[in-house]
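I'm opening a notebook on this one and jotting things down as I look them up. Here is the structure I have open.

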Amino acid sequence: MSTLRALAKAQAVAAGVAQPVATVRHVHLHERPLVLVPLALAGEASAPLAAMVGTAPDEARLLVVPQPRNRDQRFRFAAELAEVVLPYVDAHREVSEAVPVDRGRDVRYRYVDAPQVLVPNPAGITFLRLLGRSTRFRRPDGEHPVHPSVPLLGRWLTFFADRAEHPGASALLAMTDALTLHWATGQSAVEDLHLPALLGWIDPPPGTTGAEAAARAEDPGTHPPAGPATDPDFDNHRLAPAIAAYAEAEDDPDARAEAYATLESLLRDQLAPTWELMWRGVGLLRALPPGARVEGRWAGDRDAFTAHAEHVDAGGGPQPRRDGAVAAAVRLHRLERALTSYAVQRAYDDPLVMAEHRLTGEAFVGEVTLADPARVDDSGKRPVLRPRIQLVTTEPVLVPVGATLYSPARPGQKARVVFLHPADGKTEVVLELSGGMGRGLTAPPGSVPEVGERLCYTTLSDAYLPAGAFPAPEETPWTHGGPPVPAGAEAAGAATAGDAAGDPAPDGDPAEEWA
């Protein structure tokens, strides 16, 4: 936890309400997001019990699994969920745009929009990941056929879950993560995972402190858990009897319909409060202006969406159960680069985020007192424009002479530290500028800071990070498993090992894959 966030949490306790830790919204918020509130059966990994899903507060659709341990009913639930998710996904594939590549010498095409799914908390993302893993390999024919939409749903759920791991991506967001990115509460990070308590701190009722609102929200009778987990008392005293009544009425259609209606009403009461809180959270986020670089990150989501849609349309296979050695290393490297870029972009977009870096000495703010925009360096083979400016700051400057700095006001321009002179509680900093001023020997207006301008300079850079070099899959080193085994040999080896161990055939009962 940073010093600034710790201070904000202390202030939240003193003020009785959550404190903002951002001045802009750092996530993209779709005009019509798909809100999905899942509920799972306790003690059963990824066994769906119910879900409330829709794209507007008054368009909630409730999906119920009366017997969550029944494989057929679980896959029937997946087919019903596909009826909502797949049309929503396809609705964003109607219009494409041309994007210049190769310095304008060529173009590629991507969709102008992409779908966005919102769930209450990170556990909801895990639920969708497991649901995607358990459905994307199913087949509409064979011994245990499923509806043709089920494997396609699994592939899209896996896509969303993968994007959720990408720093700065907004295709799949947990509402608790999105809110805590912008507000600091007076409770612990674990308590912030409870959506009712979190919103109690951020937006408490009039005359109530955040702590009081959070305490009331933790009462499962008032605010049921935000899913996918359920309350043990609810499980034992209300849910279990309702499921048992449905099972006992198997031979009586009227009694079975009545039991189903009772179970449906029970689950609706559990999900409806969280459904309302989700849209309340959407309203709070929508009230914040988006950061300048949010749209660029959303363009990355649209690129990924377009690529996956084209892969599906071309008949490509589902995502593998696990990555190979090279694919895993490439993925990790890509996520690390994205995390570095995301941290810099948030700081560039938001003075409150940059303040955290000012506290650590990675940035400082000063006022321009001198400027020489026409300075030319002719010590090399040809003269180049190298203006210099002097800033005066009262903040500690921990960077050494010769360091390269950047300003969010002019991100394409570099500033080399030429001189540092601390005196009387202030520091004079002389910077030599390069880049962002054209190719001539005269700086365009506005490209060089003027006297009196107040600027922030930092060591953080949003410059392009080149990708690392990795071996081809067939050149995987022996330390990472060696080259991939040919498909035929792998299948034969798997069959032999399965026969020896008494394992079921690959096309056996898929119930195991829900774990």
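What should the 20 residues of helix α10 (residues 294-313) span at 1.5 Å a residue, and how far apart are its end C-alpha atoms? Before answering I note that this is a predicted model. The expected span is 28 Å and the end C-alpha atoms of α10 are 29 Å apart, so the two agree.

**Entry: α10, inside and out**

Next I looked up which residues of α10 are buried. I get Val-294, Arg-297, Trp-298, Ala-299, Asp-301, Arg-302, Ala-304, Phe-305, Thr-306, His-308, Ala-309 and Val-312. I then asked what covers these buried residues, and the cover includes two strands, β5 (96-101) and β6 (106-111), along with the helices α2, α4 and α11 (325-349).

I picked Thr-306, which sits in α10, for a closer look. Its relative accessibility is 5%, and buried means under 20%, so Thr-306 counts as buried. Setting aside neighbours within four places in sequence, I find Thr-306 in contact with Tyr-109, Arg-110 and Tyr-111.

I also checked what comes just after α10: Gly-315 takes a positive phi there, about 85°.

**Entry: α2 against α4**

Since α2 and α4 both turned up in the cover of α10, I looked at how they pack on each other. Two packed helices are described by the angle between their axes and the distance between the axes. For α2 (residues 71-90) and α4 (residues 149-164) I have an angle of about 65° and axes 9 Å apart. Their crossing is left-handed.

Which residues meet here? On the α2 side I list Phe-75, Ala-78, Ala-79, Leu-81, Ala-82, Val-85, Leu-86 and Val-89. On the α4 side they meet Ser-149, Val-150, Leu-152, Leu-153, Trp-156 and Phe-160. Sorted by class, this contact has 13 nonpolar residues, one polar and no charged ones.

**Entry: α6 against α7**

One other helix pair went into the notebook. The axes of α6 (residues 195-202) and α7 (residues 210-217) come within 7 Å and cross at roughly 160°. Angles over 145 degrees count as roughly antiparallel, and therefore α6 and α7 are roughly antiparallel to each other. I noted the crossing of α6 and α7 as right-handed.

From α6, the residues making the contact are Pro-196, Ala-197, Gly-200 and Trp-201. From α7 they are Gly-210, Ala-211, Ala-213, Ala-214 and Ala-217. By class I have seven nonpolar residues, two polar and no charged ones in the contact of α6 with α7.

Notes:
Residues are numbered from 1 along each chain as its sequence is written. This is a predicted model: local features need pLDDT of at least 70, side-chain atom pairs count only at pLDDT 80 or more; totals for chains, interfaces and linings use all residues. Side-chain values use heavy atoms; hydrogens and water are left out. Axes are lines fitted to C-alpha atoms, for helices over the stretch in contact, and angles run from 0 to 180 degrees between N-to-C directions. Helices (H or I, at least four residues) and strands (E, at least two) are DSSP runs, numbered from the N terminus. A crossing is left-handed if the near helix is turned anticlockwise from the far one by less than a right angle, and right-handed if clockwise. Contact means heavy atoms within 4.5 Å. Ala, Val, Leu, Ile, Met, Phe, Trp, Tyr, Cys and Pro count as nonpolar, Asp, Glu, Lys and Arg as charged, and the others, Gly among them, as polar. The expected span of a helix is 1.5 Å times one less than its number of residues. Buried means under 20% relative accessible area, exposed over 50%, partly exposed in between (1.4 Å probe, protein chains only). Angles under 35 degrees count as roughly parallel, over 145 as roughly antiparallel, 65 to 115 as roughly perpendicular and the rest as oblique.
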